[in-house]
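Here's a quick walk through a few helices, a strand and some loops. Have the structure open as you read.

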Amino acid sequence: MEKTALVLGGTCTCTLVYLSELPEPRTQHLWSKRTHSTIGQMGTGKSLNLSRLGFKTTLQAYIGDDENGRKIRDFFTAEKINFDYDIDPAGTENHINLMDDHGGRISITTNNVTFEPAINLNKMEGLIKAHDYIVLNIYNYCRRLIPLIKMYKKDIWCDLGDYEPGNQYFSDFAEAADYITLSGSNLKDYRGVMRGLMDKGKKLVVCTHGSQGATALTPDGHFIEIPIIDEYELVDSNGAGDSFFAGLLYACARGYAVDKMLKVASVVAGLCITDAELACKNLSPSLVELEYKKHYGDE
């Protein structure tokens, strides 16, 4: 039976500007190597990957009644992802991302969404009830959906991104989530942070380290480390974190042990960076299986 996934929050239009190096903080004129306009943000990346990994996927997000909003609707129609949108009077979120040759990124939001939009809770309840897996992104309005998710006893998968312990913005998401990923880029003691989250009863906590791989902490207190797969050629690192997250959820849904979940997630993220979009265009369960055997054997 086909598994269903609901991704709550996060889409935008995005222009990627590719540079050899990220700019220094001074007045200057830069020449890009190339530019690329696409659909971005965390909900888009997770939805694309989950859909290509075989989930019947719905993305719920806010867009404007504008040209960028129409581009996003057309994009998801072409991708055969159910896009359940609400209109934001502030317009469609838009980013400019500066990307360097090493996977570094500076993201500039040029149009932001409404911080506290009106929510159709009856509609949201129906979406939550109808899906097997719930991905809750860290948009402010998504915290108001936590009681509905808990009411239906659905596990919450949440990517805390650049999590900051003590920052109240993250608190509701960190408290509610059952499965957590987060970036270690701003954490001095990422293992200590992971232990603190696990002490709150999480089922899995995974910290990503970019080109340095990832670390998982299991409920029995075991840390598992995994490096990246070096053989994948970097074209664009945008979306690698969302791809890793989707690979993790996919592997969990197949009942894999945590170490295999990490390896599958590394394959999906590795495939992502070989493509200019947020998910490898050829991504599929059969491709993941083939790549897994290539890099890890018949484990």
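## Ground rules

For helix pairs, axes are lines fitted to C-alpha atoms over the stretch in contact, with angles running from 0 to 180 degrees between N-to-C directions. Helices (H or I, at least four residues) and strands (E, at least two) are DSSP runs, numbered from the N terminus.

This is a predicted model, where local features need pLDDT of at least 70 and side-chain atom pairs count only at pLDDT 80 or more, while totals for chains, interfaces and linings use all residues. Residues are numbered from 1 along each chain as its sequence is written, and side-chain values use heavy atoms, with hydrogens and water left out.

## α8 against α9

Helix α8 (residues 258-272) and helix α9 (residues 285-296) have axes that come within 10 Å and cross at roughly 110°. The two are therefore roughly perpendicular to each other. Angles of 65 to 115 degrees get that label; under 35 degrees is roughly parallel, over 145 roughly antiparallel, and the rest oblique.

Who touches whom here? On the α8 side you'll find Lys260, Lys263, Val264, Ser266, Val267, Val268 and Leu271, and on the α9 side Leu287, Val288, Glu291, Tyr292 and Tyr296. Contact means heavy atoms within 4.5 Å. Sorted by class, that's eight nonpolar, one polar and three charged residues. (Ala, Val, Leu, Ile, Met, Phe, Trp, Tyr, Cys and Pro count as nonpolar, Asp, Glu, Lys and Arg as charged, and the others, Gly among them, as polar.)

## α1 and its partner α7

Now look at α1 (residues 42-52) and α7 (residues 240-253): their axes come within 8 Å and cross at roughly 45°. That makes α1 oblique to α7. The crossing is right-handed, meaning the near helix is turned clockwise from the far one by less than a right angle (anticlockwise would be left-handed).

From α1, the contact uses Met42, Gly45, Lys46, Asn49 and Leu50; α7 brings Asp242, Ser243, Phe245, Ala246 and Leu249. The mix is five nonpolar, three polar and two charged.

How much of α1 is covered? Mostly covered is the verdict, with ten of its eleven residues buried. Buried means under 20% relative accessible area, exposed over 50%, and partly exposed in between (1.4 Å probe, protein chains only). Among the buried ones are Gly43, Thr44, Ser47, Leu48 and Arg52. Just after α1 comes Gly54, with a positive phi near 105°.

## Leading into α1, and a second positive phi

Gly40 belongs to strand β3 (residues 34-40) and is buried at 3% relative accessible area. Setting aside neighbours within four places in sequence, Gly40 is in contact with Gly10, Thr11, Cys12, Cys14 and Leu278.

Gln41 is in the loop between β3 and α1. Gln41 isn't a glycine, yet has a positive phi of about 90°, and is buried at 18% relative accessible area. Lys80, also not a glycine, has a positive phi of about 60°. Lys80 is in the loop between α2 (67-79) and β5 (82-87), and counts as exposed at 73% relative accessibility.

## Around α5

In α5 (residues 168-176), the buried residues are Phe170, Phe173, Ala174 and Ala176. What covers them includes β8 (133-136), α4 (146-151), β9 (156-159), β10 (179-183) and α6 (190-198).

At the start of α5, a side-chain oxygen of Asn167 reaches to within 2.9 Å of the backbone nitrogen of Tyr169.

Technical notes:
Polar contact = N/O pair within 3.5 Å; in protein donor to acceptor, adjacent residues only side chain to side chain.
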